[in-house]
Amino acid sequence: MAQTNAKAQFFDEHAKGWEERNYPPEVRARLVPLVASFPLKDGDTVLDVGCGEGVLVPYLREHVGETGRLIELDPSEVMLRGVAQKDHGRPWLLKAAVESIPLLSESIDTVIAFACFPHFEDAKRAVKEIFRVTKSGGFVVVAHLLSREELRQHHAQHFQVEHDVLPDDLTMRTLFEVAGWHDVTIEEAPGLYRLVAHKP
C-alpha cells in the first residue's frame with residue numbers, strides 16, 4: 001500500500017535539504033552511538049526502510065564493512081536521489097513502500113526503521129513484510145532520536161503528519177509479536193526511542 005498523496009507530496013516537497021535541516025552536526029553526533037547499539041556485524045545485508053536521503057548510510061557502512069550490503073528503501077524518488085549522491089559502498093536503492101517490499105523472503109540480516117515508523121500507512125502489514133524479508137536469526141530495529149512524546153510534539157507542527165505517532169509500548173509489542181517477532185525490547189528516554197526484536 002502506497003502512502004497517501006498528501007503525505008507523499010509532503011516528503012517530496014521537503015526532500016531537498018532534508019538532512020541539512022534535520023541533522024545538523026550536533027544531531028549527527030548522536031547517530032554514532034545509536035547505530036553502534038544496533039545488532040549489526042561485518043558482512044551483513046541491511047535493509048534501511050524509509051531511508052529518506054540516507055542519513056544512516058555512512059554509519060551503517062562502518063558496521064557492515066565493505067563486504068556488507070546496504071539496501072535503501074523509500075517511497076519518495078526525490079529522497080532517493082539524495083542517497084544516490086552518497087559514495088559509501090554504493091548502496092542499492094529501492095523505490096517502494098515498506099508494506100510491499102520487492103525483495104525475496106529471508107534475504108535480510110537486519111532491517112532498520114529509523115525516524116519513519118509513524119509514517120507507515122499500514123503498520124501491521126509493514127511489520128509482517130519486514131518479518132518476511134528477514135532471515136531466521138535476524139533482527140528489526142525501530143529507532144528515533146526523540147522520545148514518543150517528543151516525536152508527537154514534533155509532528156504536531158506539520159498538519160500532513162500531525163497524526164503520525166508511535167503507538168504505546170503494549171501496542172507495539174503486540175504488533176510485533178503477532179507478526180512472529182520474539183524478544184521485543186523497548187527503550188525510551190528523552191532524545192531516544194529504540195525497539196529491537198528477533199526473528200527465531
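Let's start in strand β2, where the bridge partner of Val46 is Leu70. That pair belongs to a larger pattern: β1 and β2 run parallel and are joined by 5 bridges. Please keep in mind as we go that this is a predicted model.

Let's stay with β2 for a moment. How many of its 6 residues are buried? The count is 5, so β2 is largely enclosed by the rest of the structure.

Now let's look at the whole sheet. It is an open sheet of 7 strands with mixed pairing, and the order is β3-β2-β1-β4-β5-β7-β6. Which strands stand at the edges? They are β3 and β6; each has a single partner strand, so one side of each is left without a neighbour in the sheet. From one strand to the next, the twist averages 15°. At the β6 end, β6 pairs with β7 in the antiparallel sense, over 6 bridges. One example there is Ile186, whose bridge partner in β7 is Leu195. As a general reminder, strands of a sheet pair through backbone hydrogen bonds, either parallel or antiparallel.

Helices pack on this sheet too. α4 touches β1, β2 and β4, and its direction makes about 150° with that of β2. α5 touches β2 and β3, and its direction makes about 175° with that of β3.

α4 has a helix partner as well. Helix α3, residues 25-36, packs with α4, residues 57-64, at an angle of about 35°, and their axes are 10 Å apart. The crossing of these two helices is right-handed. On the α3 side, the contact is made by Arg28, Leu31, Val32, Val35 and Ala36, and on the α4 side by Tyr59, Leu60 and His63. Sorted by class, that contact has 6 nonpolar residues, 1 polar and 1 charged.

If you look at the α3 numbers, the spacing may catch your eye. An α-helix has 3.6 residues a turn, so residues three or four places apart point the same way.

On to the interior. The largest nonpolar core has 34 residues, and among those with the most contacts inside it are Leu47, Val49, Phe117 and Trp181. Several elements give two or more residues to this core, including β1, β2, β4, α8 and β7. Which element gives the most? That is α6, with 5 residues.

So let's look at α6 itself. Its buried residues are Ala126, Val127, Glu129, Ile130, Phe131 and Val133. Those buried residues pack against β1, β4, β5 and α8.

Val49 is another good place to zoom in. Leaving aside neighbours within four places in sequence, Val49 is in contact with Leu73, Val98, Val111, Ile112, Ala113, Phe114, Cys116 and Phe120. There is also a second, separate core, with 25 residues, and Leu56, Val57, Leu80 and Leu192 are included in it.

I'll finish with one residue in a loop. Pro91 lies between α5 and β3. Is Pro91 buried or exposed? It is buried, with a relative accessible area of 12%. Not counting residues up to four places away in sequence, Pro91 touches Val57, Leu70, Glu72 and Val83. You may recognise Leu70 as the bridge partner of Val46. Finally, Pro91 and Ile71 are 20 residues apart in sequence, and their C-alpha atoms are 5.6 Å apart in space.

How values were computed
Residues are numbered from 1 along each chain as its sequence is written. This is a predicted model: local features need pLDDT of at least 70, side-chain atom pairs count only at pLDDT 80 or more; totals for chains, interfaces and linings use all residues. Side-chain values use heavy atoms; hydrogens and water are left out. A nonpolar core is a set of buried Ala, Val, Leu, Ile, Met, Phe, Trp, Tyr and Cys residues joined through side-chain atoms within 4.5 Å. Buried means under 20% relative accessible area, exposed over 50%, partly exposed in between (1.4 Å probe, protein chains only). Helices (H or I, at least four residues) and strands (E, at least two) are DSSP runs, numbered from the N terminus. Contact means heavy atoms within 4.5 Å. Axes are lines fitted to C-alpha atoms, for helices over the stretch in contact, and angles run from 0 to 180 degrees between N-to-C directions. A crossing is left-handed if the near helix is turned anticlockwise from the far one by less than a right angle, and right-handed if clockwise. Ala, Val, Leu, Ile, Met, Phe, Trp, Tyr, Cys and Pro count as nonpolar, Asp, Glu, Lys and Arg as charged, and the others, Gly among them, as polar. Two strands pair if DSSP finds at least two bridges between them.
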